[in-house]
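Let's take a friendly walk through a protein model together. Have the structure open beside you and follow along as we go.

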Amino acid sequence: EKEGEKTLRSPICCIMGHVDSGKTKLLDCIRSTTVQEGEAGGITQQISASYIPVEHIRERTKELKADAKLNVPGLLVIDTPGHEAFNNLRSRGSGLCDIAILVVDIMHGLKPQTIESINLLRMRKTEFIVALNKVDRLYGWKTCRNTPIGKAMKQQSKDVQREFDHRVTQIITQFKEQGLNTELYNKNKERGETYSIVPTSAISGEGIPELLLLLIQWAQKTMVKKLTYNSEVQCTVLEVKVIQGCGTTVDVVLVNGVLHEGDEIIGPIHTTIRSLTPHLMKELGGGAYKEIKAAQVIKITAQNLEHAVAGTALYVVKPDDDVEEIKELVMDDMRNVMSRIDKSGEGVYVHASTLGSLEALLKLLKTPPVSIPVCGIGIGPVHKKDVMKASVMREKKKEFATILAFDVKVAAEAQEFADNLGVKIFIADTIYHFLDQFKAYVDNLKE
Ligand code: GDP
Ligand code: MG
């Protein structure tokens, strides 16, 4: 069997970058939808995933006349709310994403969340391609709808090209300051060491053909082993949510293998899959499936999903499997995180939306010069009972009667309760906000 003939699964591609750089719009443009316009205040609230079939990609890239074979069935693109990039990249040690698109606004260059994204990608050793977005905002840009950027650039005036070159040079320098070599995709001769930049417009679609082709080609070229289809299920819970009429459901990323209706699954929960619905491009239609092959984002309904934990792995029980053994595996994951809690019993409470983000947070709170002890953790919204627990700290150390709520909701009654009890709740969506707020609070208490 030759490499190219192996059955490959779809690569999983995350879209990362600073808020407002155009992540959601870019995904809309790739799959021809208008989700971004329907968002409350333009802020992504939910994980949005799309499976782009290879036929669609072939159609979008046909002008490039790339004779390269596209061997993957499609591309699974995941757009993440606010800062959730953190959570979704984790999957039992290895990154969930095979490849990423790092979106940079050509008018603004690198911003704090771009740099945070770079650091995450580096930490996970995830390959990425830079989409230098909003080229249509260059003064005097001539729109060439859905055209390859190479062709569109030739249509532009000398002034536009000059401004473009100037901005690209500046941004390449900014990347260099972060220790990264980048180069425009068509000049990049050292792919692998030098990251490619593809100029795009998520509004008029210039550059999308090159971006798609590069993503697929790069994945096929460098990740054959990882992308080889495997019958062993590799699956991670992305989100646990209550849906009217369905009860509690979970959205999972199926990275490899197949899930079937009726499969017995174990996370921290133990249940049987009642129904499976993939997140698909609208035009492919909806509805439940009997079985779904990787890679896909899937909504699962089943009983007892309330206790599922976002960020943990989901295992499928096979006929010869020992259920208790699998449960142990799951608990190892949880215990790893639990072991970061201070044994002294003194410290703050930390809440996060997934096990992955919780783990990342706990690590950061322990990274010098920061040293904030943690005595309790929670995943999901902050409730009254959590405030109650944190309030115990008032007698010991007032500054620790604190809950750090990272990217989770705080129930109204919990906030009221906290105000009455003198428990401080910090709500933040970036870790850096937390550290600043918490430091100011402690300094203030000391005065
Ligand atoms: P996100 O926060 O990164 O998901 O950014 P959005 O996709 O919500 O986009 C932020 C704003 O920038 C919205 O008003 C978009 O319409 C706009 N936008 C995104 N991409 C482009 C682009 O390529 N060109 C222009 N002119 N505007 C864009
Ligand atoms: Mg968005």
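Before we start, one idea will help: two strands count as paired if DSSP finds at least two bridges between them. Keep in mind, too, that this is a predicted model.

With that in hand, look for strand 19 (residues 348-352) and strand 21 (residues 402-406). These two run parallel and are joined by four bridges. You can pick out one such link by finding alanine 352, whose bridge partner in strand 21 is phenylalanine 406. Resting on this sheet is helix 11 (residues 355-364), which touches strand 19, strand 20 and strand 21. The direction of helix 11 makes about 145° with that of strand 19.

Now widen the view. The open sheet here has four strands in the order 20-19-21-22, with parallel pairing. At its edges sit strand 20 (374-379) and strand 22 (424-428), each pairing on one side only. On average, neighbouring strands of this sheet are turned by 20° against each other, ignoring direction.

A second open sheet of four strands follows the order 10-11-17-15, and its pairing is antiparallel. Here the edge strands are strand 10 (234-243) and strand 15 (275-278). Neighbouring strands in this sheet are turned by 30° on average, direction ignored. Strand 11 (residues 247-256) pairs with strand 17 (residues 296-301) over six bridges, and aspartate 251 stands opposite lysine 299 in strand 17.

Finally, turn to ligand 1. Which residues come nearest to it? Of the 17 residues around ligand 1, these are Gly22, Lys23, Thr24, Lys25 and Ala202. Helix 1 (residues 23-31) gives the most to this shell, with three residues. By character, the shell divides into three nonpolar, eight polar and six charged residues.

Definitions and conventions. Residues numbered from 1 in each chain as written. Chains lettered and ligands numbered in written order. Predicted model: local features only at pLDDT ≥ 70, side-chain atom pairs only at ≥ 80, totals over all residues. Near = placed C-beta within 6 Å. Nonpolar A, V, L, I, M, F, W, Y, C, P; charged D, E, K, R; others polar. Axes fitted to C-alpha atoms, helices over the stretch in contact; angles between N-to-C directions. Contact = placed C-beta atoms within 7 Å.
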